[in-house]
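Here's a quick tour of a small model, written to be read with the viewer open. Have a look around it before reading on.

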Amino acid sequence: RLYLCGGFALCQPFVQLMQQSLPITVKVFNPLDVIGCPSDSQVRKTLDQFGPAMTVAAGLAMRSIS
């Protein structure tokens with residue numbers, strides 16, 4: 001599998017091109033899928049729409065300062 005993330009993963013023609021060009025499964029990765037909130041809320045809609053572009057921010061938020 002190939003997981004696409006970052007701002008360019010929001011470009012649907014690019015995702016389709018990758019799916020057609022590669023012999024493996026291509027998926028858009030959204031690290032914010034696991035955040036619990038009501039599915040009909042505006043927050044959930046925003047996380048679903050822009051989540052793949054927030055992958056770096058999610059990774060940095062998981063780090064700890066020691």
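What follows goes from the overall fold to the cysteines, the surface and a few residues worth clicking on.

**Overall fold**

First, keep in mind that this is a predicted model. The protein has three helices and two strands, and along the sequence they come in the order β-α-β-α-α. With 66 residues, the globule rule would give a radius of gyration of 11 Å, but the protein comes out at 14 Å, well over that, so it is more spread out than a compact globule. If you line the C-alpha trace up on its principal axes, it spans about 40 × 35 × 15 Å.

How much of the protein is buried? Buried residues account for 23% of the 66. The accessible surface adds up to about 5000 Å², and carbon and sulfur atoms own 61% of that. As for contacts, take those between residues at least 6 apart in sequence: 40% of them join residues at least 24 apart.

**The cysteines**

How many disulfides are there? The count is zero. A pair of cysteine sulfur atoms would have to lie within 2.5 Å to qualify. For Cys5 the nearest cysteine sulfur belongs to Cys11, and it is 15 Å away, so by the 2.5 Å cut-off Cys5 is in no disulfide. Turn it around and the story holds for Cys11, which is in no disulfide either, with the sulfur of Cys5 15 Å away. Cys5 is partly exposed at 42% relative accessibility, and Cys11 is partly exposed at 28%.

**A nonpolar patch and a proline**

On the surface, Leu10, Phe50 and Met54 make a nonpolar patch of about 240 Å². Met54 sits in the loop between helix H2 (42-50) and helix H3 (55-62), and it is partly exposed, with a relative accessible area of 31%.

Met54 also turns up among the contacts of Pro31. Where is Pro31 to be found? Its place is the loop between strand S2 (26-28) and H2. Setting aside neighbours within four places in sequence, Pro31 touches Gly51, Pro52, Met54, Thr55 and Ala58. One of these pairs is easy to check in the viewer: Pro31 and Pro52 are 21 residues apart along the chain, while their C-alpha atoms are separated by 6.8 Å.

**Arg44 and the salt bridge**

Which residues form the salt bridge? A search of the whole structure turns up one, and it pairs Asp48 with Arg44, the closest N and O atoms being 3.2 Å apart. The two are four residues apart in helix H2, so about one helical turn separates them. Is Arg44 buried or exposed? Arg44 is buried, at 8% relative accessibility, whereas its partner Asp48 is partly exposed at 42%. Under 20% is what counts as buried, so the 8% of Arg44 falls below the cut-off.

Arg44 has other company too. Leaving out neighbours within four places in sequence, Arg44 is in contact with Leu32, Asp33, Ile35, Cys37, Pro38 and Ser39.

Here are the accessibility values for the residues discussed above.

| Residue | Relative accessibility | Class |
|---|---|---|
| Cys5 | 42% | partly exposed |
| Cys11 | 28% | partly exposed |
| Arg44 | 8% | buried |
| Asp48 | 42% | partly exposed |
| Met54 | 31% | partly exposed |

Conventions: Residues are numbered from 1 along each chain as its sequence is written. This is a predicted model: local features need pLDDT of at least 70, side-chain atom pairs count only at pLDDT 80 or more; totals for chains, interfaces and linings use all residues. Side-chain values use heavy atoms; hydrogens and water are left out. The radius of gyration is taken over C-alpha atoms; the globule rule is 2.2 Å times the number of residues to the power 0.38. Buried means under 20% relative accessible area, exposed over 50%, partly exposed in between (1.4 Å probe, protein chains only). Contact means heavy atoms within 4.5 Å. Accessible areas come from the Shrake-Rupley method with a 1.4 Å probe; for residues, only the protein chains shown count as cover. Patches are made of residues with over 30% relative accessible area and no salt bridge: like charges are joined within 9 Å, nonpolar side chains (Val, Leu, Ile, Met, Phe, Trp, Tyr) within 5 Å. A salt bridge is a side-chain nitrogen of Lys or Arg within 4 Å of a carboxyl oxygen of Asp or Glu.
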